[in-house]
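Me: Please take a close look at a single part of this model, one strand and its surroundings, and describe it in a connected way.

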Amino acid sequence: MTVCTTIDSPLGELLLVGEESATAKGGTALASLSMPGQKHGVAVEDGWVEDADAFAEIAAQLRSYFDGTLTHFDIEYVTRGSDFQQRVWKALEAIPYGTTLSYGDVAARIGASRAAVRAVGTAIGANPLLVVRPCHRVIGANGALTGYAAGLERKRQLLDLEKVPLPF
């Protein structure tokens with residue numbers, strides 16, 4: 001069964017979508033975290049059940065992240081995507097809190113050539129789990145903020161929260 005809820009955050013309202021899971025903390029595996037105005041963001045669909053309680057553990061972790069006391073999420077995900085996307089997303093999950101990598105660095109970490117940077121960027125842009133799968137930690141080779149499905153201002157907010165020094 002697909003469940004959903006919204007929570008408030010410093011970035012605005014977050015839409016959480018998940019599926020029941022016997023192995024996930026709190027009983028819900030997160031399938032999507034999106035924001036209003038986000039590219040490729042989801043909208044509530046018929047048949048989804050609104051259930052804030054199903055997301056209590058996930059919401060608590062998000063609150064702790066936003067208040068600066070959590071630096072690594074312990075959330076089970078529902079992962080749907082191509083093999084390439086999943087390799088890229090796994091690389092995102094390995095980027096430590098408070099650090100950044102370039103798109104080229106991510107390509108290298110998954111064993112792809114520098115020529116695959118655009119494909120890496122496309123896979124990052126399709127990440128359905130903003131914030132918790134930290135695509136905001138990927139920046140341009142020159143240190144510039146580039147490409148974030150929820151907008152560059154939100155990307156800057158997340159990097160500021162993590163105290164990442166930015167040259168721009």
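Reply: In this predicted model, strand β2, which spans residues 14-20, is mostly covered, with five of its seven residues buried. On one side of the pairing, β2 is joined to strand β1 (residues 2-7) in the antiparallel sense over six bridges, and within that pairing Thr5 has Leu16 of β2 as its bridge partner. The hairpin formed by β1 and β2 has six residues between the strands, and in this hairpin Gly12 adopts a positive phi near 110°. Strand β2 is also joined to strand β3 (residues 28-34), again by six bridges and with the two strands running antiparallel; here Glu19 finds its bridge partner in Ala29 of β3.

The surroundings of the strand can be followed through the largest nonpolar core, which has 43 residues and in which Leu30, Leu33, Leu62, Phe73, Val131 and Val132 have the most contacts. Among the elements that give two or more residues to this core are β1, β2 and β3, together with the helix α1 (56-66), and α1 supplies the largest share, five residues. Leu62 shows how these parts meet: leaving aside residues up to four places away in sequence, Leu62 touches Leu14 and Leu16, and its other contacts are Ile7, Leu33, Phe73, Val131 and Val132. In soluble globular proteins, nonpolar side chains tend to be buried together.

As for annotation, an unreviewed UniProt entry lists residues 3-75 as "domain: Methylguanine DNA methyltransferase ribonuclease-like"; that span is 15% helix and 29% strand, and its end C-alpha atoms lie 16 Å apart.

Note on methods: Residues are numbered from 1 along each chain as its sequence is written. This is a predicted model: local features need pLDDT of at least 70, side-chain atom pairs count only at pLDDT 80 or more; totals for chains, interfaces and linings use all residues. Side-chain values use heavy atoms; hydrogens and water are left out. UniProt positions are given in the numbering used here, feature names are shortened, and annotations may be inferred rather than shown by experiment. Helices (H or I, at least four residues) and strands (E, at least two) are DSSP runs, numbered from the N terminus. Buried means under 20% relative accessible area, exposed over 50%, partly exposed in between (1.4 Å probe, protein chains only). Two strands pair if DSSP finds at least two bridges between them. A nonpolar core is a set of buried Ala, Val, Leu, Ile, Met, Phe, Trp, Tyr and Cys residues joined through side-chain atoms within 4.5 Å. Contact means heavy atoms within 4.5 Å.
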